[in-house]
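Grab a pencil and work through these exercises with the viewer open. Try each task yourself before you read its solution.

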Amino acid sequence: MAGVANPAVWRSVREAALPQVFPESEVAVLSLLGTRALVAYRVDEVEHGRRQAARADRLDSIPVLERLLCLPAGIPVAMASLSDPAGVGVLPQGAVQRGGGMVTRLAVRPLAVDIVVVRVAGWRNGLERAGRFAPFCCRAVLVDEGPHMGEEGFLAEAAFYGIGVLVKGSEGIRTALEPEAYRPQRYTAAAWHFVEELYARLH
């Protein structure tokens, strides 16, 4: 179940001036991939409205998303040119438009994830938990100021994995290490599925 992030904590995270977080970003705290995390995201309002108007079915199957990724978004493709035209016939309602021997993919990702922030007590465990999101989005951990911050190699290890480090102290939250930008080499069905699962829980 998604919940609204603690306003004070989120305000402090935003004040850390993370370039990955857009002014229009929304935020929620929920359990993902076996850990509780703060997620900053932006809904694609055009796609969200299209799905509502079409009463589109959920896209919660990786095989379905793999089929959709084989089609360019918004460009008609001849059914006869497809290696598996029968597979297009069973795609969920609202995902594609068919007619005249052509099929057009309508579905695109309904939201973008700016960053996932994992609140942790132990830094090593925190890096492992934040690392679970590597295939999907930008990541950071939020830790309390304390002795663990002096652990040799902590920031170096976080930097190696591209994980940002936010530190909560008596004066608020500061950025000890900026997270690496998320630059996927290719778009996968698994990454799209992660977004769809998040979208389903938020709407």
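The exercises below go from the whole chain down to single residues, and the model you are looking at is a predicted one.

**Exercise 1: The whole chain**

Task: Find out how many helices and strands the protein chain has, and what percentage of its residues count as buried.

Solution:
- Step 1. Start with the elements: the protein chain holds seven helices and nine strands.
- Step 2. Now for burial: 43% of the 203 residues count as buried.
- Step 3. Have a look at the outside too. The accessible surface is about 10700 Å², and carbon and sulfur atoms own 54% of that.
- Step 4. Finally, contacts. Take those in the protein chain with a separation of 6 or more: 64% of them link residues 24 or more positions apart.

**Exercise 2: An open sheet**

Task: Work out which strands stand at the edges of the open sheet with the order 3-5-4.

Solution:
- Step 1. A reminder: strands of a sheet pair through backbone hydrogen bonds, and they can do that in a parallel or an antiparallel way.
- Step 2. Here three strands make up an open sheet in the order 3-5-4, with antiparallel pairing.
- Step 3. Strand 3 (77-78) and strand 4 (96-99) each have a single partner strand, so they stand at the edges, and one side of each has no neighbour in the sheet.
- Step 4. Zoom in on one pair: strand 4 and strand 5 (residues 102-105) run antiparallel and are joined by four bridges.
- Step 5. Across that pair, arginine 98 sits opposite valine 103 in strand 5.

**Exercise 3: A strand with parallel partners**

Task: Decide whether strand 7 is largely enclosed or not, and give the reason.

Solution:
- Step 1. Count the buried residues. Strand 7 covers residues 139-144, and five of its six residues are buried, so the rest of the structure largely encloses it.
- Step 2. Check one partner: strand 6 runs parallel to strand 7, with four bridges joining them. Valine 117 stands opposite alanine 140 of strand 7.
- Step 3. Check another: strand 7 also runs parallel to strand 8 (residues 164-169), this time with five bridges. Aspartate 144 has lysine 168 of strand 8 as its bridge partner.

**Exercise 4: Two pockets and a cavity**

Task: Say which strand gives the most to the lining of the largest pocket, and which helix supplies the largest share for the second largest pocket.

Solution:
- Step 1. The largest pocket has a volume of about 280 Å³. Fifteen residues line this pocket, and Arg42, Ala112, Val113, Asp114 and Tyr182 are the closest to its centre.
- Step 2. Strand 6 (residues 111-119) is the top contributor to that lining, with four residues. By class, the lining has 11 nonpolar, one polar and three charged residues.
- Step 3. The second largest pocket comes to about 220 Å³. Its lining has 13 residues, and those closest to the centre are Arg51, Ala56, Arg58, Tyr199 and Ala200.
- Step 4. Helix 2 (45-54) and helix 7 (189-202) supply at least two lining residues each, and helix 7 has the largest share with four. The classes here are four nonpolar, three polar and six charged.
- Step 5. There is also one cavity of 30 Å³ or more. Among the residues lining the largest cavity are Arg50, Arg51, Ala56 and Gln93.

**Exercise 5: Arginine 51, buried or exposed?**

Task: Classify arginine 51 as buried or exposed, and list what it touches beyond four places in sequence.

Solution:
- Step 1. Locate arginine 51: you'll find it in helix 2.
- Step 2. Its relative accessibility is 7%, and buried means under 20%, so arginine 51 counts as buried.
- Step 3. Leaving out residues up to four places away, arginine 51 touches Ala56, Leu59, Ala107, Val108, Pro110, Trp192, Glu196 and Tyr199.

**Exercise 6: Two positive phi values**

Task: Find where leucine 33 and arginine 55 lie, and classify how exposed each one is.

Solution:
- Step 1. Keep in mind that most residues other than glycine have a negative phi.
- Step 2. Leucine 33 has a positive phi, near 50 degrees. It lies in the loop between strand 1 (26-32) and strand 2 (35-43), and is partly exposed at 39% relative accessible area.
- Step 3. Arginine 55 isn't a glycine either, yet its phi is positive, about 50 degrees. Its loop runs between helix 2 and helix 3 (62-69), and with a relative accessible area of 69%, arginine 55 is exposed.

Technical notes. Residues are numbered from 1 along each chain as its sequence is written. This is a predicted model: local features need pLDDT of at least 70, side-chain atom pairs count only at pLDDT 80 or more; totals for chains, interfaces and linings use all residues. Side-chain values use heavy atoms; hydrogens and water are left out. Buried means under 20% relative accessible area, exposed over 50%, partly exposed in between (1.4 Å probe, protein chains only). Contact means heavy atoms within 4.5 Å. Accessible areas come from the Shrake-Rupley method with a 1.4 Å probe; for residues, only the protein chains shown count as cover. Two strands pair if DSSP finds at least two bridges between them. On a 1 Å grid over the protein atoms alone, a cavity is a set of points where a 1.4 Å probe fits but cannot get out, and a pocket is an open set with protein on both sides within 12 Å along at least five of seven lines; lining residues have an atom within 4 Å of a point. Grid points are joined across faces, edges and corners, and a volume is the space filled by probe spheres set on the points. Ala, Val, Leu, Ile, Met, Phe, Trp, Tyr, Cys and Pro count as nonpolar, Asp, Glu, Lys and Arg as charged, and the others, Gly among them, as polar.
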